[in-house]
Amino acid sequence: MFDEEDLAEIRGERERWEDETLEPFLERGERKDDFVTVSNHEVDRLYGPEDIAEMDYDEDLGLPGEPPYTRGVYPTMYRGRTWTMRQFAGFGTAEETNERFHYLIDEGQTGLSTAFDMPSLMGIDSDHPMSEGEVGKEGVAVDTLRDMEILFDGIDIGEISTSFTINPSAPVIYAMYIALADQQGVPREEVRGTLQNDMLKEFIAQKEWVIPPEPSLDVVTDTIEFAVEETPKLHPVSVSGYHIREAGSTAAQEAAFTLADGFAYVEDCLDRGMDVDEFAPLLSFFFNSHNSIFEEIAKFRASRRIWARVMEEWYGAETDAAKRLKFHTQTAGQSLTAQQPLNNIVRTTVQAMAAVLGGTQSLHTNSYDEALALPSEDAVRVALRTQQILAEESGIADIVDPMGGSFAIEKLTNEMEAEIMAYIEEIKEMGDGSVRDGVLEGIEQGYFHREIQEASYQYQKRVDAGKETVVGVNEYQINEDPDTDILQVDPETRDRQLNRLEEVKDERDDAAVEDALDDISEAIENDENVMPAIIDAVKAYATMGEIMAVFEEHHGAYQEKIGLA
C-alpha cells in the first residue's frame, strides 16, 4: 500500500522517535507491565504504515458493499438506516411477555427478540417433572400453538421481524410461527425474522440438546431447505458465536468456531444437492461484543473477509448475497457484574460502540441489572436508549466504516484473520478436508471444550492476579448494599401455564394429534424433510414435548462424553 522509499523513511523516523522522544518517558514507567486485550492478545504501543505495508487495498479492504466486505456489507451502512434495535424479552407466561413486547414496540424497538424458559429450550412441556421450578423463569413458557397465539396477540407478524433464541426445539417454534402466519393471513414468503437453531454451537458451548450431533445437523438442514422454498425472508439459522464467547473463549476462538460451524452447515446443504447461491444468503450470524473495543472491531471485520473469500474459493459461491456475512450482536453478558450494577451501563455502551463501529446489522444491549435477575422495565429502557443515543446523538452512524484505514485496526484485523484461519484449517484437517466432519469430530473428541476451557482459565487467572482489572470487583470496590429493583417472576406462573396446557389437551382432537405425530415419525424413517409434518402437528395442537419425544425415540438421547483428555 505504500512506496518502499516512503516506508524506509517512516521506519527511520520511528527509530529516531523511539530513541529521542519515547525513551526518556519510558524511564518514568508505564501504568501496566502488559498491555493486552480481554483475549490476552498483546497490543503494540503505536501502529504505523509499516504495520500494514503488505496489504492490498482492493483485495483486503475494498469498498463498503463490495467483496471482501471488510468495510461493511452495504455501501451506505447506517446512513441508509440504522441497525435493527432488537432487545431480548421473555418471561413468565405468553401474556406477560406479550405485554413486554408491546412496551418495547411503543418505546421504539424495531425488532422483537424472544427468550424462552428452560423447559421450552430443552423441548419438554411445562408439566414434565423436570420442568418444576423452571416454568417461565428464564424466559417465556411455550408448550403449544395456543401460547404462540397469545404471545403475538395484537402484533402483525407481517410488519415486524422476530428473532427466536432457541435451538434443540427450534423447528417446533419455527413451525408454530409459520402456523401463526397462516392464521393471520400473512403470506409465508413475507414472514421475517431469525431462528437461532444452531445445534453445532450447542454441542460446543451452550450444552442444550436432545438428540446426538449428526441427526441434529440433519434437522437443521431440513429447516434451511424448507426456508429456501417457503420463508425466503426468514433466516433459519443464526450461527452463534455469542455462547462460545460467554463460555470463556477468546475473540479469535469465537470467530473461528462460529465460522467453522457456518461452513459445516454449508457443506451439509451442498451434500443434499442445494444451490449455495440460494441457501447461503439465508444464513445469518450472531456474535458477542466484549470490552476490548479495537479487538472486537477487528474480529467483525476479519470475519466478514474470511466468509467472503472461503465461500467463493471453497464452496463456489458466485452471488454477492451468498458471500455477505450479516450478523446480529449482543453485548457481553459475562462481563456484567452484580457489584455496582450501574457500571454495567458503561460496559454495555463501550461494547455497543464496538459492534456499531464493526458493522453489525442488529444489536441487543444488555440491561444493567441482568447479573441479578431478568431485566426490569427501567433497565430495559436504559439499554434501548443507549442504542438510540448512539444512533441519533453520537455521530458514529454517520460515516461508513470510520475505522477503515486506521493503522491499528487494519493490523489487528490482519492478525485476527490469520489466527481465525489457523483454527479453521486445524478443524478442516481433523475432518480430512471437510469442515463439517472436523466440527463433528471436534465435538466427539472434546476439542472445542478443551480450547475454551483453557482460555477461560487463563483469563480468570489474570483477574485473580490483578493483571486484568474488573472495576468494582477486583479494583475500586465499595461497601454497598445494592438497592436495585429487580424483576420478580410471579410464583403462580407455573399454575397458570399448567392450566392452559391442560385446557388445550382437553379441547384438541387426540386422534388428529396422534396421526400428526405418526407423520413426523414416518418422515424421519423415510429421510424426508420433517418441517411439513411438524407444522401439521402444531396446528393440531401437539405439544412441544410430544413432538420432540418423536425425535428422541428415533435417535436416542445424547449424552456428552466426560473426562476427555
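This briefing introduces the overall build of the chain and then looks at one helix and two individual residues. The structure is a predicted model. The chain contains 22 helices and ten strands, and its radius of gyration of 24 Å agrees with the value near 24 Å that a compact globule of 565 residues would have.

**Overall dimensions and packing**

- Taken along the principal axes, the box filled by the C-alpha atoms of the chain is roughly 85 × 60 × 50 Å.
- Of the 565 residues in the chain, 56% are buried.
- Among contacts with a separation of 6 or more, 78% join residues that lie 24 or more positions apart.

**Surface and charge**

- The chain has an accessible surface of about 23,900 Å², and carbon and sulfur atoms account for 45% of that surface.
- The chain carries 46 positive and 119 negative charges; the mean positions of these two sets are 5 Å apart.

**Helix H6**

- Helix H6 covers residues 170-184, a run of 15 residues.
- From its first C-alpha to its last, H6 reaches 21 Å, which is close to the 21 Å expected at 1.5 Å a residue.
- H6 is mostly covered, with twelve of its 15 residues buried.
- The buried residues of H6 include Ala170, Pro171, Val172 and Ile173, as well as Tyr174, Met176 and Tyr177.
- Gly185, just after H6, adopts a positive phi of about 80°.

**Ser292, a loop residue**

- Ser292 lies in the loop that runs between strand E8 (283-289) and helix H12 (293-313).
- The relative accessible area of Ser292 is 17%; because this is under the 20% cut-off, Ser292 counts as buried.
- When neighbours within four places in sequence are left aside, the contacts of Ser292 are with Thr37 and Val38.

**Val228, a helix residue**

- Val228 belongs to helix H8, which comprises residues 213-230.
- With a relative accessibility of 17%, Val228 is classed as buried.
- Not counting residues up to four places away in sequence, Val228 touches Met274, Glu278, Phe279 and Leu282.
- One of these residues, Met274, is 46 residues from Val228 along the chain, and the C-alpha atoms of Val228 and Met274 are separated by 9.6 Å.

Key:
Residues are numbered from 1 along each chain as its sequence is written. This is a predicted model: local features need pLDDT of at least 70, side-chain atom pairs count only at pLDDT 80 or more; totals for chains, interfaces and linings use all residues. Side-chain values use heavy atoms; hydrogens and water are left out. Helices (H or I, at least four residues) and strands (E, at least two) are DSSP runs, numbered from the N terminus. The radius of gyration is taken over C-alpha atoms; the globule rule is 2.2 Å times the number of residues to the power 0.38. Buried means under 20% relative accessible area, exposed over 50%, partly exposed in between (1.4 Å probe, protein chains only). Contact means heavy atoms within 4.5 Å. Accessible areas come from the Shrake-Rupley method with a 1.4 Å probe; for residues, only the protein chains shown count as cover. Lys and Arg count as positive and Asp and Glu as negative; His and the chain ends are not counted. The place of a charge is taken as NZ of Lys, CZ of Arg, CG of Asp or CD of Glu. The expected span of a helix is 1.5 Å times one less than its number of residues.
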